[in-house]
Amino acid sequence: MAEQGFHQAEGAVNDEALFENEDQDFEFDESGLELAAKEELTREGSDGPAPFRSGAITPDGFIEEDFEAEIGTPSLNNYFQDDEETDEEFQDIAEHKILEVAGDDLYGRKVIVFAACKLPPSAQIDHQRLLEYMKHVLDQYVENDYVIVYFHFGLTSKNKPKLSWLIQIYKELDRKYKKNLKAWYIVHPTNFIKILWNIFKPFISVKFGRKIMYVNYLHELKEHLHFDQLVVPPLVLQHDAKMVASNKPKYPYGQDSNDAGTLPTQQYGVSLHHIKSHYGTVIPPVVQQTVDYLRQNALDVEGIFRRSANAVQLKAVQKKFNQGETVNFAVEGDEHIPAVALKIFLRDLQEPLLTFDLYQPILRLHTVEDERKVAEVRRMLHEELPEDNYQILKFIVQLLTEVVDHSAMNKMNSSNLAIVFGPNLLWPKGQASLSSMGYLNNFARLLIDNYSQLFDR
């Protein structure tokens with residue numbers, strides 16, 4: 001029966017009519033699909049096939065995985081490899097910017113972007129080294145929840161890798177990479193993607209299948225990603241504009257989504273000045289309440305700040321804070337909700353806590369001699385960071401040092417926390433690069449490891 005199914009699949013994919021679409025040049029050709037059908041892939045489970053979901057993106061269903069069973073114990077390895085050495089080792093691959101890290105999504109999960117249109121002609125790139133580079137990048141983030149955005153448009157007959165390479169990726173990116181992947185957005189899918197899925201789905205578990213989402217238009221990402229920091233190639237933007245103009249899709253947000261404007265009590269998505277002017281305190285209530293609760297109840301929780309939380313509960317908590325209410329996190333029943341609520345608050349500020357002005361100086365710290373870095377950061381915090389920002393940062397970093405003190409129980413050392421908080425404390429006005437993300441993480445770790453020396457007022 002299985003062999004008969006494979007032959008049916010081969011017959012289906014050899015039907016040229018299935019490939020008739022306006023982007024025919026931006027596809028794999030049919031040759032090689034037979035290989036995909038016959039290749040024995042490692043099964044992830046026995047749950048059977050699961051179709052992709054398309055349309056509205058709703059993450060609730062795929063962030064409810066059991067933490068203890070799925071996430072395991074994180075590695076305490078040092079994530080902070082020297083960025084210059086990394087660039088030198090993979091310079092021939094990294095220069096194409098095929099893979100980028102775009103900060104966090106709206107639920108505090110790291111966003112990894114893969115752009116097919118940036119793949120050079122196959123004769124000009126070693127796909128095996130590309131796979132090694134992909135694993136090297138992912139290794140820095142897979143201990144945390146993360147999502148992948150794959151821009152499919154731009155894959156041509158000239159730059160397409162062999163299908164056997166895709167199979168190799170599936171095999172080598174094992175459970176270590178799959179367990180904390182919470183969503184895989186496939187942007188601008190075509191008939192080829194859908195046919196390929198029909199061939200692969202017998203070997204892919206239902207759980208993994210639920211993580212994969214079709215995204216037909218870029219604006220569908222905006223409800224769940226910080227679109228301004230997403231690394232979208234111009235070619236993809238142009239293609240999306242043509243599709244929108246041609247198909248005129250309905251915009252996914254309700255007409256009354258912004259009718260209410262900014263509330264006087266609002267805390268998410270506003271400035272620190274706005275919050276202070278209404279509440280009269282330097283430490284925003286959302287920061288005070290989340291930190292207080294986490295300090296009292298979550299220091300020993302394994303993976304705190306590393307796991308995502310239920311989206312519906314998070315939105316309800318944000319709404320209460322924006323209405324000036326006090327949130328009883330004990331009722332919510334999940335210590336990860338205040339942890340994610342704090343991360344989202346930081347990332348939703350109109351200006352990062354460390355300010356746009358300090359972005360370039362902080363990135364340049366990697367050129368400062370190691371023995372001078374702490375002194376330079378101390379000077380920066382005391383002389384260039386506004387006083388209110390300094391006090392809020394001190395309040396949060398003090399909590400992070402306490403989390404580190406309990407790392408034997410919570411498995412969260414300063415490296416883990418730095419990867420989580422680096423892009424939430426500072427980001428550029430435009431798009432961040434992969435190398436800059438490493439510098440931000442290094443800076444966040446330096447804050448945690450040298451708290452007593454840096455924050456003495």
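How many of the 10 residues of helix α9 are buried? Keep that helix in mind while the whole chain is on screen, and remember throughout that this is a predicted model.

**The whole chain**

Begin with everything displayed as a cartoon, where the protein chain shows 23 helices and 5 strands. If you colour by accessibility, buried residues make up 55% of the 457 residues in the chain. A contact map would add that, among contacts with a separation of 6 or more, 84% are accounted for by residues 24 or more positions apart.

**The sheet**

Select the strands next, which form an open sheet of 5 strands in the order β1-β2-β3-β4-β5, with mixed pairing. At its edges lie β1 (99–104) and β5 (212–215), each of which pairs on one side only. Looking along the sheet, you will find neighbouring strands turned by 20° against each other on average, with direction ignored.

Now isolate residues 99–104 and 110–115: β1 and strand β2 run antiparallel and are joined by 4 bridges. One place to label is Leu99, whose bridge partner in β2 is Phe114. The hairpin of these two strands has 5 residues between them, and within the hairpin Gly108 takes a positive phi near 80°. Although β1 is an edge strand, β1 is mostly covered, with 6 of its 6 residues buried.

Just ahead of this strand, select Lys97, which sits in the loop between α5 (91–94) and β1. Its phi is near 55°, a positive value in a residue other than glycine, and its relative accessibility of 43% makes Lys97 count as partly exposed.

Move on to residues 146–151 and 181–187, where β3 and β4 pair in the parallel sense over 6 bridges. To fix the register of the two strands by eye, label Val149 and Tyr185 of β4, which stand opposite each other.

**The helix across the sheet**

Add residues 191–200 to the view, and helix α9 appears lying across β3, β4 and β5, running at about 160° to β5. Here the opening question can be settled: 7 of the 10 residues of α9 are buried, so the helix is largely enclosed by the rest of the structure. Show side chains for Phe192, Ile193, Ile195, Leu196, Trp197, Ile199 and Phe200, which are the buried residues of α9.

**A pair of helices**

Next select residues 127–139 and 163–172, the helices α6 and α7, whose axes come within 11 Å and cross at roughly 30°. An angle under 35 degrees counts as roughly parallel, and α6 is therefore roughly parallel to α7. The crossing of α6 and α7 is right-handed. With side chains switched on, the contact is seen to be made by His127, Gln128, Leu130, Leu131, Met134 and Lys135 on the α6 side, and by Trp165, Gln168, Ile169 and Glu172 on the α7 side. Sorted by class, this contact of α6 with α7 has 5 nonpolar, 3 polar and 2 charged residues.

**Two residues at the start of α16**

Which residues does His336 touch, not counting residues up to four places away in sequence? Select His336, which is found in helix α16, and show its surroundings: they include Val301, Glu302, Gly303, Ile304, Arg307, Ser308 and Ala309. At 4% relative accessibility, His336 counts as buried.

Then step to Ile337, also in helix α16 (residues 336–348), which is buried with a relative accessible area of 0%. Leaving aside neighbours within four places in sequence, Ile337 is in contact with Ala309, Gln313, Leu314, Val317, Phe329 and Glu332. For a distance label, choose the C-alpha atoms of Ile337 and Gln313, which are separated by 7.6 Å although the two residues are 24 residues apart along the chain.

**A last loop**

Finish at Lys411, found in the loop between α20 (407–410) and α21 (414–425). Lys411 has a positive phi of about 60° although it is not a glycine. Its relative accessibility is 22%, and since buried means under 20% and exposed over 50%, Lys411 counts as partly exposed.

Methods:
Residues numbered from 1 in each chain as written. Predicted model: local features only at pLDDT ≥ 70, side-chain atom pairs only at ≥ 80, totals over all residues. Heavy atoms only, no water. Pairing = 2+ DSSP bridges. Axes fitted to C-alpha atoms, helices over the stretch in contact; angles between N-to-C directions. Contact = heavy atoms within 4.5 Å. Parallel < 35°, antiparallel > 145°, perpendicular 65-115°, else oblique. Left-handed = near helix turned anticlockwise from the far one by under 90°. Nonpolar A, V, L, I, M, F, W, Y, C, P; charged D, E, K, R; others polar. Buried < 20%, exposed > 50% of the residue type's maximum accessible area, 1.4 Å probe, protein only.
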